[in-house]
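I opened this model to go through its helix packing, its cores and a few single residues. My notes follow in the order I looked things up.

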Amino acid sequence: MKKPLIFVYNAKSDFWNKYLDVAHKIISPSSYSCDLCSLTYGNFSEKKAWKAFRENTDYDFVFMYKDEFLKKYSLKEEAFKFPVILEKEKEAPRLFLDVEALSKLHSVEELIKILEKKIA
């Protein structure tokens with residue numbers, strides 16, 4: 001059985017932070033601090049290629065904001081650099097793609113290719 005992948009965005013879940021993230025992506029996209037958000041979402045909605053991939057894979061994906069993830073797993077913020085993709089394990093999530101790997105991707109299509117290769 002395949003283990004779910006946990007996608008953790010470098011963003012907080014409350015309304016105010018979501019609003020600030022959208023504004024930041026529009027005003028200064030080059031300094032936006034969540035490469036995972038930038039890869040999978042446009043300014044206002046999920047990118048079509050990502051949505052199609054996500055909906056048509058048989059792999060389980062879990063999406064969380066940083067604050068939700070840290071609370072659920074009782075971790076301190078220093079546990080990981082965010083954003084990150086983790087593989088769910090019984091004890092603790094295991095690194096799948098780190099912040100450095102995500103920062104090197106230039107498109108959602110590159111992310112999809114890496115995921116397809118690693119989860120095949």
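Entry 1, a helix pair. I looked up the handedness of the crossing of α3 and α6, and it is left-handed. This is a predicted model, and every entry below should be read that way. For the geometry I took α3 as residues 48–56 and α6 as residues 108–119; their axes come within 9 Å and cross at roughly 20 degrees. Angles under 35 degrees count as roughly parallel, and α3 and α6 are therefore roughly parallel to each other.

Next I asked which residues of α3 and α6 make the contact. From α3 they are A49, W50 and F53. From α6 they are V108, E109, L111, I112, L115 and E116. I sorted the residues of this contact by type and got seven nonpolar, two charged and no polar.

Entry 2, the cores. I went to the largest nonpolar core, which has 22 residues. Which of them touch the most other members? I noted L5, W50, I85, L111 and L115. W50, L111 and L115 had already come up in the contact between α3 and α6. I then checked where the core residues come from: β1 (5–9), α2 (35–40), α3, β4 (94–97) and α6 each supply at least two. The largest share is from α6, with five residues.

I followed L5 further and left out its neighbours within four places in sequence. L5 is in contact with Y59, D60, F61 and V62, with I85, L86 and E87, and with F96, L115 and I119. I also found a second, separate core of nine residues, with M64, F69, F82 and V84 among them.

Entry 3, the chain as a whole. I counted six helices and four strands. I wrote the order down from the N terminus as β-α-α-α-β-α-β-β-α-α. The chain has 120 residues, and buried residues make up 37% of them. I also looked at contacts with a separation of 6 or more, and 59% of these are accounted for by residues 24 or more positions apart.

Entry 4, the loop between α4 and β3. I checked the backbone here, as most residues other than glycine have a negative phi, and most peptide bonds are trans. The bond that joins F82 and P83 is a cis peptide bond, with omega about 5 degrees. P83 is found in the loop between α4 (66–72) and β3 (84–87). F82 I had already listed in the second core.

S74 has its place in the loop between α4 and β3 as well. I read its phi as near 50 degrees, a positive value in a residue other than glycine. Is S74 buried or exposed? S74 has a relative accessible area of 67%, so I entered it as exposed.

Entry 5, K47 and K48. K47 has its place in the loop between α2 and α3, and K48 is found in helix α3. I compared their accessibility with the cut-offs, where exposed means over 50% and buried under 20%. At 30% relative accessibility K47 counts as partly exposed, whereas K48, at 75%, is exposed.

I then took distances from each to V108, C-alpha to C-alpha. K47 and V108 are 61 residues apart along the chain and separated by 8.0 Å. K48 and V108 are 60 residues apart in sequence and 9.6 Å apart in space. I also listed what K47 touches, not counting residues up to four places away in sequence: S38, L39, T40, Y41, G42 and V108.

Entry 6, A101. Where is A101? I found A101 in helix α5 (residues 99–103). Its relative accessible area is 27%, so I put A101 down as partly exposed. I finished with its distance to V84: the two are 17 residues apart in sequence, with 9.0 Å from C-alpha to C-alpha. V84 belongs to the second core noted in entry 2.

Notes: Residues are numbered from 1 along each chain as its sequence is written. This is a predicted model: local features need pLDDT of at least 70, side-chain atom pairs count only at pLDDT 80 or more; totals for chains, interfaces and linings use all residues. Side-chain values use heavy atoms; hydrogens and water are left out. Axes are lines fitted to C-alpha atoms, for helices over the stretch in contact, and angles run from 0 to 180 degrees between N-to-C directions. Angles under 35 degrees count as roughly parallel, over 145 as roughly antiparallel, 65 to 115 as roughly perpendicular and the rest as oblique. A crossing is left-handed if the near helix is turned anticlockwise from the far one by less than a right angle, and right-handed if clockwise. Contact means heavy atoms within 4.5 Å. Ala, Val, Leu, Ile, Met, Phe, Trp, Tyr, Cys and Pro count as nonpolar, Asp, Glu, Lys and Arg as charged, and the others, Gly among them, as polar. A nonpolar core is a set of buried Ala, Val, Leu, Ile, Met, Phe, Trp, Tyr and Cys residues joined through side-chain atoms within 4.5 Å. Buried means under 20% relative accessible area, exposed over 50%, partly exposed in between (1.4 Å probe, protein chains only).
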